[in-house]
Structures are given as structure tokens and as C-alpha cells.
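User: I'd like a close look at how the strands pair up in this one. Start with the pairing itself, then carry on to whatever else in the fold catches your eye.

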Amino acid sequence: MLRFFIIVTLLLVSLEASSEKEGLTYLNNIREHTGLIKLKSNKNLQNAAASHAKYLIQNQKNGHYEKKGKYSYTGNTPSQRVTKAGYPSTYVMENLSINTEGYAKSIDNLFSAIYHRFVFLNLDKDEIGIGAYSSKKERKINRAYVYDMGSSGIAELCNKTFSMTHGVYYMKNICKQSTKMVPKSLFEERKDEVRRKNRDIILYPFAGQTDIWPAFYNESPDPLPGYNVSGFPISVQFNPVNTKNVKLKSFRLYDAEGKEIKKTKILQHSNDHNHLFTKFEFALMPLKRLEFDTTYTAVFEAVSDGNEVKKRWSFSTMKPEEKIYRVSENKTKLTVQAGSKALLYMVPDSGKDILHSYRSRGGIKASFLDQNTLKVTFPKRSSSGRVSLDFGKKKVFFDVQ
């Protein structure tokens, strides 16, 4: 029985806008750096993705399902939508995000969510359709991006006719015509043809990667119940075309001074309560946010088909252009320059400590970059004691000079 991932995430604000072509280039650049092949653009998948993005905006919905009778309905599931758009196969995966401005930020946010990441880093898909839709009206959901991924080799199988042969195992429900029978050996062969073009072990963030956002927020289904905010996940995948069994020995993370980040959770097939990890996928989930402008080193050790495997690599979190004010007390006073800009990082007290809103006073302007970080512009005139941001439990007062 085939399956596709049904995973949804609520994503926040973004800083840039881009085109579909630039989005594919951006995604392929990440895949190439990890050792995966580029995805080719497919028009039918693109049409399906665009139609679902339109459905989400017009009906103010977030998710992979559509309801018959609603505006712009084209199919209940991703499989139904791609086949209606002309794609021959139902063997597809879908990613989506809402309320981001630009493909780059949309893709970055999806990579911060571990289940979504594994969709983008799939080893047997080789084509994709990307679609977006937005509303100029002030609405709760004003922009949607949808990514539908498929396998060209399996799509080709669905365009052929096979004679039933005794002793051959056949599969159905993988093509537009659900009763169409495809030899299982050919189905597996087409998947392996794509897998062989990819690296044996996929690391993310990839070695030397920079500008990683330090936090991970909610994903549905939730890989970390009880945590609304945690650190950016680090993952390792083994290519099943060359690997049969993997046994994890250790997975550790170290900061720039070589100190181990102790508060982590290791996710793998045996303990993923959502049952979405395969036996070839592993993730280290930092239980606290990582820091800005910091280089981290991951060390992964396992036994793969009797052979020792050790991977050690480093990556760096984002270094904002603006000065960062790190706020951890309930009442904080800061001295700032008139007219300047800065990032206000409200250090979470726990894994559930996220900001929902704020009140500003004294002409200060602020916007959320994530649910613990704001970009702030201070008034152009000096002022003392009357400029503040109130987050409820925490308050920040600014002496503008």
C-alpha cells in the first residue's frame, strides 16, 4: 500500500518575494549541496500545485485535503489533484506553506520542520511542480505555496500496458487508472534508478552551510510534543539503494567552544511517535533554540550493514546585519541610538514560551521574524522612559539617544 505524507505547518513572516523559477533554483541548490540530484519542472505537477494554492486562499484553509463543493476544488488528495491535472501517477508527495513572502523563505521554513524536510530531500523523486497564490485583501491566510513532487520513471510506467504473466507480482493504485497493473519489480527498479544518482548519506544542514535560522516551531504532526519552540533540527539520511540496515551509536551536537549541547532528543524510526521516519532517517532535535551567529559541529556515528560510519561536520546560524539585543529578564532597559534598527531576541523561558502579540509605545516600530524575535526600528528623536514594548510577562524600556 502506497502512502504520501500528510503534514502541515503554520509559517510566519518573510523578507523576500521570488518567482517559481527562482524557487526551483533555490531548492535545487540546496539539494545539490546535500548530494541529491536536481528536480526537473513538470507542467502537470505545476498546474496541480497552483490549483491547490488557489483553493487554500479562496477557502481560507491550510492543509493537503480539499472538500468537494468548495471554490476551486480539483481533488480531495494530492494524488487525485495531480492525476486530474494530467500527471499519470499517484506516487507523489506534497509540501506546502502559508503566509510567507517568497519561495526562498517558504522553502527555508519547510526545511526547519523535520518531516517537511524529508519530503524535499526525498531520494526517489526527480520532478516537481511549484505553485503559488496570493490575495491582495487583508485575510488570515493571504499567501500559499505548494510543492508537488513525483517520479518520472514511475509516471512512464503508468503510460504503458503490461500483459499479466504468471509468477509476476503486480501493483495497482499507483496510476491514474487505479486498476492498472504495474509489475512491482519495474516499480522498484525505477525508484532505484533515481536513488543511484544520489549520494549514499545525506546531511542537513549540509557541511559548511551558513545562515541557518536557529529555531524550530510547531509542525503538524508534531515531532516534539510539549515544545512550541526548540532548536533547528540536524538530520542524517541513508540511501536505501546501497543500505539495508543502520544501527545508530550516537548523535551529538557541539557549540563553537566544543561544549556539547546536552538537551537534545534523537528521533529515528523506532521512537518517532508519528511513524513517519523510515529506518534510514535520523534527526537530532535541540530542545532549546540555537544562538545567532554561532558555528555548531555535529558528530554522527552508526553501523551500516556491519561497517562503522562516522560523520563530523559544521554549519553556522544566521548572523543578522542588525545589532542583537538578547532579553531574558521580565523587565529590561536598553540604551539605543535614535533612528537605528535592531533585532530583539526574547529568550524563551521554556519550550512553550512563545510570543503572540505586543503593545508598543513612543513611536517604536516592530515586526515578528519568528515567535521570539522581532525586527525593531527606534524613533528618530531622542526620548527616555516613554518608548517601550510590552509582551505581557516581559517588558522592554528603551532610552533613545
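Analyst: Two strands pair if DSSP finds at least two bridges between them. The strands themselves (E, at least two residues) and the helices (H or I, at least four) are DSSP runs, numbered from the N terminus. A word on the ground rules: this is a predicted model, where local features need pLDDT of at least 70 and side-chain atom pairs count only at pLDDT 80 or more, while totals for chains, interfaces and linings use all residues. Residues are numbered from 1 along each chain as its sequence is written, and side-chain values use heavy atoms, with hydrogens and water left out.

Let's begin with β17, residues 331–336. Its partner is β23 (residues 395–400); the two run parallel and are joined by six bridges. Within that pair, K333 sits opposite F397 of β23. The strand also has two faces: T332, L334 and V336 are on the covered one, while K331, K333 and T335 are on the uncovered one. In general, strands of a sheet pair through backbone hydrogen bonds, either parallel or antiparallel.

For the antiparallel sense, look at β18 (residues 341–346) and β21 (residues 373–377), which share five bridges. Here K341 has T377 of β21 as its bridge partner. Both strands belong to an open sheet of four with mixed pairing, in the order β16-β18-β21-β20. Its edges are β16 (323–327) and β20 (365–370); each has a single partner strand, so one side of each has no neighbour in the sheet. On average, neighbouring strands of this sheet are turned by 25° against each other, direction ignored (axes are lines fitted to C-alpha atoms, for helices over the stretch in contact, and angles run from 0 to 180 degrees between N-to-C directions).

Helix α2 ties in with some other strands. Its buried residues (under 20% relative accessible area, with over 50% exposed and anything in between partly exposed, for a 1.4 Å probe and protein chains only) include L45, A48, H52, Y55 and L56. They pack against α3 (78–84) and the strands β2 (92–98), β3 (127–134) and β4 (143–150), where contact means heavy atoms within 4.5 Å. The 17 residues of α2 (43–59) should span 24 Å, and the end C-alpha atoms are indeed 24 Å apart; the expected span is 1.5 Å times one less than the number of residues. At the N-terminal end, N42 acts as the cap, with a side-chain oxygen 3.0 Å from the backbone nitrogen of N44. Just after the helix, Q60 takes a positive phi of about 50°.

Another buried spot is R190, at a relative accessible area of 14%. R190 lies in helix α7 (residues 184–195), and beyond its neighbours within four places in sequence, it touches G153, I154, L157 and K160.

Last, the loops between strands. Most residues other than glycine have a negative phi, and most peptide bonds are trans. N173 goes the other way, with a positive phi of about 65°; it sits in the loop between β5 (170–171) and β6 (182–183) and is partly exposed, at 48%. The Y204 to P205 peptide bond is cis, with omega near -5°, and P205 is in the loop between β7 (201–204) and β8 (215–216). S220 to P221 is cis as well, with omega near 0°, in the loop that runs between β8 and β9 (230–231).

Terms used
A polar contact is a pair of N or O atoms within 3.5 Å; within protein, one must be able to donate a hydrogen and the other to accept it, and residues adjacent in sequence count only if both atoms are side-chain atoms.
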